[in-house]
Amino acid sequence: MDLVVSRPEGLYCPQGDFYIDPWRKVDRAVITHAHADHARVGHNHYLCAAPGEGVLRTRLGKIALDTLPYGESTVHNGVKISLHPAGHVLGSCQIRLEYQGQVWVASGDYKVAPDLTCEAFEPVKCHTFITESTFGLPIYRWRSDAEIYAEINAWWAANAAQGKASVLYGYSFGKAQRILAGVDPTIGPIVCHSACEGLNKAYRDAGVALPPTVMVSDVQDKSIYKNCLAIAPPAAQGAAWMKRFGNAYSDAFASGWMLLRGGRRRSNMDRGFVMSDHADWPGLMRAIGATGAEQVIVTHGYVQVMVRWLQEQGLNARSFVTEYGGDSDEKEDASGPLAETTGMVDTAAGSAQ
């Protein structure tokens, strides 16, 4: 008995008659997190984890939204639903479904490493686990946040000493706030692109501690551009927004893809900082193992690589084709840097965050 099946609209629970992160308009959608490839406008009813309400409303506007605190449950058409922390971004959750003794967990996107800006990933025991595979290759292994923050602070301080701005590109929802939570604000002022600043407010409203920031359009004293840290989405690179910094700046990109030389070369920036909001290969393996699942269904990323590996480990593994990973502001494109070095790209699953 499958509690989740793939339909043209998205991943569907036939027993409960609702969808998980659907990509077509549906009546009822249960949302794992507010990234635009998982949370889309147009559904009649939404359900999300309570900590994600602010960011979901910030991104989608006026919607019919119910929330559920982590760990609490509700029953819909006989299916017991509970939401559990995924550690990906603020409000991200894994969706646990229980029906007639069967337990399935749809994890959305997740990260098992600790994060200052969201609740830590919680392993949930189940019979079937639906997992992402964005960084589903053994080459992907992350260092600690403390090491990455130290590198960012040293880069920023060195630039400030030379009278240069430090422009750091990171996805506006999740990555930007994670960067802010760990940098040293005593080095200089911090300015943000408007795409980031609205979400910064949602994080602060949810109780996440972030240092003071100012939106670039509100800057009065232009001298701060000589030593500031500027946080912006990747789309700002080369845009008119950058003209205010003149030629006196150094730029960098924070992404998991910066682990590979090809990714750093393609970004055409001064620096690359390896920071991802997704689990690395050891994290994926730990998360899957902790569920005790007998069946694993793999979505978006290096799908066939992970399916084959899990099958070799004795698990019943298969895949769902989804439309996740298609938001140009937030995706980390698996067809890019790794394709240059290995050619191991799973095109059937689409691009990945």
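These exercises walk through a predicted model of a protein.

**Exercise 1. Overall build**

Work out how many helices and strands the protein has, and how its radius of gyration fits the globule rule.

Solution.
- Start with the secondary structure. It comes to eight helices and 19 strands.
- Next, take the radius of gyration, which is 20 Å. The globule rule gives 20 Å for 353 residues, so the protein is as compact as a globular protein of that length.
- Add the dimensions. The C-alpha trace spans about 65 × 45 × 30 Å along its principal axes.
- Then check burial. Of the 353 residues, 57% are buried.
- Finish with contacts. Take those with a separation of 6 or more: 61% of them join residues 24 or more positions apart.

**Exercise 2. The cores**

Find which residues have the most contacts inside the largest nonpolar core, and which element gives the most to this core.

Solution.
- The largest nonpolar core has 42 residues. Val-55, Leu-56, Leu-168, Tyr-203, Leu-229, Ile-231 and Phe-273 have the most contacts inside it.
- Now list elements that give two or more residues. Among the helices are α1 (53–60), α2 (145–161), α3 (175–182) and α4 (194–205). Among the strands are β5 (45–49), β13 (190–192), β15 (229–232) and β16 (249–254).
- The top contributor is α2, with five residues.
- Zoom in on Val-55. Leaving out residues up to four places away in sequence, Val-55 touches Ala-34, Leu-90, Phe-173, Leu-199, Ala-202 and Tyr-203.
- A second, separate core has 28 residues, including Ala-230, Ala-232, Phe-245 and Val-305.

**Exercise 3. Helix α7**

Identify the buried residues of helix α7 and what covers them.

Solution.
- Helix α7 covers residues 303–312. Buried here are Val-303, Val-305, Met-306, Val-307 and Leu-310.
- One of these, Val-305, also belongs to the second core.
- The cover over the buried residues of α7 includes helix α6 (281–291). It also includes the strands β11 (128–133), β18 (295–301) and β19 (316–319).
- Look just past the helix. Gly-314 takes a positive phi of about 95° there.

**Exercise 4. A pocket**

Describe the space in the second largest pocket and the residues that line it.

Solution.
- The second largest pocket holds about 220 Å³ of space.
- Its lining has 17 residues. The closest to the pocket centre are Ala-113, Trp-142, Arg-143, Ser-144 and Asp-145.
- Sort the lining by class. There are eight nonpolar, three polar and six charged residues.

Technical notes
Residues numbered from 1 in each chain as written. Predicted model: local features only at pLDDT ≥ 70, side-chain atom pairs only at ≥ 80, totals over all residues. Heavy atoms only, no water. 1 Å grid on protein atoms, 1.4 Å probe; cavity = no way out; pocket = protein on both sides within 12 Å on 5 of 7 lines; lining within 4 Å. Points joined across faces, edges and corners; volume = space filled by probe spheres on them. Nonpolar A, V, L, I, M, F, W, Y, C, P; charged D, E, K, R; others polar. Core = buried A, V, L, I, M, F, W, Y, C linked by side-chain atoms within 4.5 Å. Buried < 20%, exposed > 50% of the residue type's maximum accessible area, 1.4 Å probe, protein only. Helix = DSSP H or I, 4+ residues; strand = E, 2+ residues; numbered from the N terminus. Contact = heavy atoms within 4.5 Å. Rg over C-alpha atoms; globule rule 2.2 N^0.38 Å.
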